[in-house]
Structures are given as structure tokens and as C-alpha cells.
Amino acid sequence: MKVKVNTNPPNANDQASEKGVFDTPLFELPKMAMPGVFRGIAEHSVVRVKENCKKMKAVSGEMADVLRETYSTNAKGAADYGIKVIEISNVNTTSAFDFFTNLMGTKSLSEIMTLSTVQARKNFDVASAQNKELWDLAQKAAIETAEPIKKGVARVLHNVT
């Protein structure tokens with residue numbers, strides 16, 4: 001099989017038509033005389049580079065979509081966490097006011113000590129439960145935020161290969 005290679009030097013009109021919007025030449029093989037084998041290798045390399053650029057552009061778009069989904073999921077998790085903190089603050093404030101109201105009705109030091117002990121135990125139990133709720137919400141938010149990233153990376157890696 002015989003391959004025919006054009007070894008004629010380019011003329012000025014061809015180069016002028018290949019200018020882009022900003023008058024920069026488009027990425028292409030320089031037009032010069034070279035042996036057919038080297039020209040074929042160079043053309044093959046250019047084709048591969050263009051294909052890889054298209055793939056990278058597609059991957060970049062997919063990763064942008066993944067990040068959008070991740071930010072959305074993270075924002076929802078943060079909002080849920082913030083709402084829970086506000087609810088906990090409300091419960092704790094109400095508990096403190098109830099304690100001070102009961103404290104005002106005491107008549108002896110022993111009543112104050114008993115009431116304080118009961119309140120301290122109650123506060124400890126409530127704080128433990130509240131911390132567990134907040135921890136569970138934080139874990140849930142982290143897992144839900146990581147899920148789109150895992151899926152997106154797996155999808156991108158599958159498309160690249």
C-alpha cells in the first residue's frame with residue numbers, strides 16, 4: 001500500500017483563514033515538508049490530543065454537576081443542623097426558666113440543694129441526648145454530602161476509561 005503525502009508548503013491565504021476569533025492560529029500541525037511516517041505519527045497525536053480535550057471538557061462539566069449537587073445536599077444538611085440547634089436552645093432556655101421559677105418557690109436550703117441536684121441530673125441527661133442528636137445529624141449530612149461525590153467520581157472514571 002502506498003500513502004501519498006502532500007509536501008507542498010502552505011500559502012499565506014490558508015494561514016489567514018485558520019485564524020480564530022482573537023487572531024490566534026488554531027492548534028494544528030505546522031505545514032512543512034516531513035517524511036510521511038513522521039507526518040502520520042504527528043497527525044495521529046493531534047487527533048488523540050483533540051479527543052482527550054473533548055473528554056476533559058465533558059468530565060469538567062460532569063464534575064461541575066456533581067459539585068452543584070453536593071453543595072445543595074450540604075446546604076440542606078447544614079439547615080437541618082441549624083434548625084436542631086435552635087430547637088435545642090429553646091428546650092434548654094425553657095428548662096432554665098422552669099428551674100429558676102421553681103428555685104424562687106423554695107423555702108429552705110435543703111430544698112434548694114435537692115432541686116439543684118435534680119436539675120443537674122436532668123441537664124446532664126438532656127445534654128447527652130441532644131449531643132447524640134446533633135452527632136447523628138452531622139453524620140447524616142456528611143454521608144449525604146459524600147454520596148454525590150462518590151457517584152460522580154465513579155461515573156467520570158467510567159466515562160474516561
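Buried residues make up 15% of the 161 residues in this protein, and the model in which they are counted is a predicted one. The accessible surface comes to about 12,800 Å², and carbon and sulfur atoms account for 64% of that area. The secondary structure consists of 3 helices and 0 strands, so that the pattern read along the sequence is α-α-α. Of the contacts between residues with a separation of 6 or more, 60% join residues that are 24 or more positions apart.

Two of these helices can be followed through individual residues, starting with α2 and its residue L103. L103 has its place in helix α2 and is partly exposed, because its relative accessible area of 24% falls between the limits of 20% for buried and 50% for exposed. Once its neighbours within four places in sequence are left aside, L103 is in contact with I112 and L115. The C-alpha atoms of L103 and M113 are 9.8 Å apart in space, while the two residues are 10 residues apart in sequence.

A little earlier in the numbering come F99 and F100, which form an aromatic pair. The count of such pairs comes to 1, and the rings of F99 and F100 have their centres 5.6 Å apart with their planes at 55°. A pair of aromatic rings is described by the distance of the centres and the angle of the planes. For F99 and F100 the pair is called tilted, because an angle of 55° lies neither under 30 degrees, as stacked planes would, nor over 60, as edge-to-face planes would. The two residues also carry their own burial classes: F99 is buried, because its relative accessible area of 14% is under 20%, whereas F100, at 48% relative accessibility, counts as partly exposed.

F99 leads on to helix α3, where Q119 has its place. Q119 is in contact with S95 and F99 when its neighbours within four places in sequence are left aside. Is Q119 buried or exposed? Q119 counts as buried, because its relative accessibility of 10% is under the 20% limit.

Further pairs of residues, distant along the chain, can be followed by the separation of their C-alpha atoms. V126, which also has its place in helix α3, is partly exposed with a relative accessible area of 29%. Its C-alpha atom is separated by 9.3 Å from that of V91, although V126 and V91 are 35 residues apart along the chain. V85 lies in helix α2 and, at 33% relative accessibility, counts as partly exposed. The C-alpha atoms of V85 and L134 are separated by 7.8 Å, and these two residues are 49 residues apart along the chain. K151 lies in helix α3 and is separated from V66 by 8.4 Å between C-alpha atoms, the two being 85 residues apart along the chain. Unlike a residue classed as buried, K151 counts as exposed, because its relative accessibility of 53% is over 50%.

The last feature to consider is enclosed space. How many cavities of 30 Å³ or more does the structure hold? The structure holds 1 cavity of that kind, and about 40 Å³ of space lies in the largest cavity. The elements that give two or more residues to its lining are α2, which covers 36–104, and α3, which covers 109–160. The largest share of the lining, 4 residues, comes from α3. The lining residues are K76, G77, D80, L137, K140, A141 and E144. By class, this lining has 2 nonpolar, 1 polar and 4 charged residues.

Taken back to the model, these features can be visited in turn. In helix α3, Q119 is a buried residue in contact with S95 and F99, and F99 is itself buried and paired with F100 in a tilted arrangement of rings. The cavity lining, for its part, draws two or more residues from each of α2 and α3, with charged residues numbering 4 in that lining.

Conventions
Residues are numbered from 1 along each chain as its sequence is written. This is a predicted model: local features need pLDDT of at least 70, side-chain atom pairs count only at pLDDT 80 or more; totals for chains, interfaces and linings use all residues. Side-chain values use heavy atoms; hydrogens and water are left out. On a 1 Å grid over the protein atoms alone, a cavity is a set of points where a 1.4 Å probe fits but cannot get out, and a pocket is an open set with protein on both sides within 12 Å along at least five of seven lines; lining residues have an atom within 4 Å of a point. Grid points are joined across faces, edges and corners, and a volume is the space filled by probe spheres set on the points. Ala, Val, Leu, Ile, Met, Phe, Trp, Tyr, Cys and Pro count as nonpolar, Asp, Glu, Lys and Arg as charged, and the others, Gly among them, as polar. Buried means under 20% relative accessible area, exposed over 50%, partly exposed in between (1.4 Å probe, protein chains only). Contact means heavy atoms within 4.5 Å. Rings of Phe, Tyr and Trp (its six-membered ring) pair if their centres lie within 6.5 Å; planes under 30 degrees apart count as stacked, over 60 as edge-to-face and the rest as tilted. Accessible areas come from the Shrake-Rupley method with a 1.4 Å probe; for residues, only the protein chains shown count as cover.
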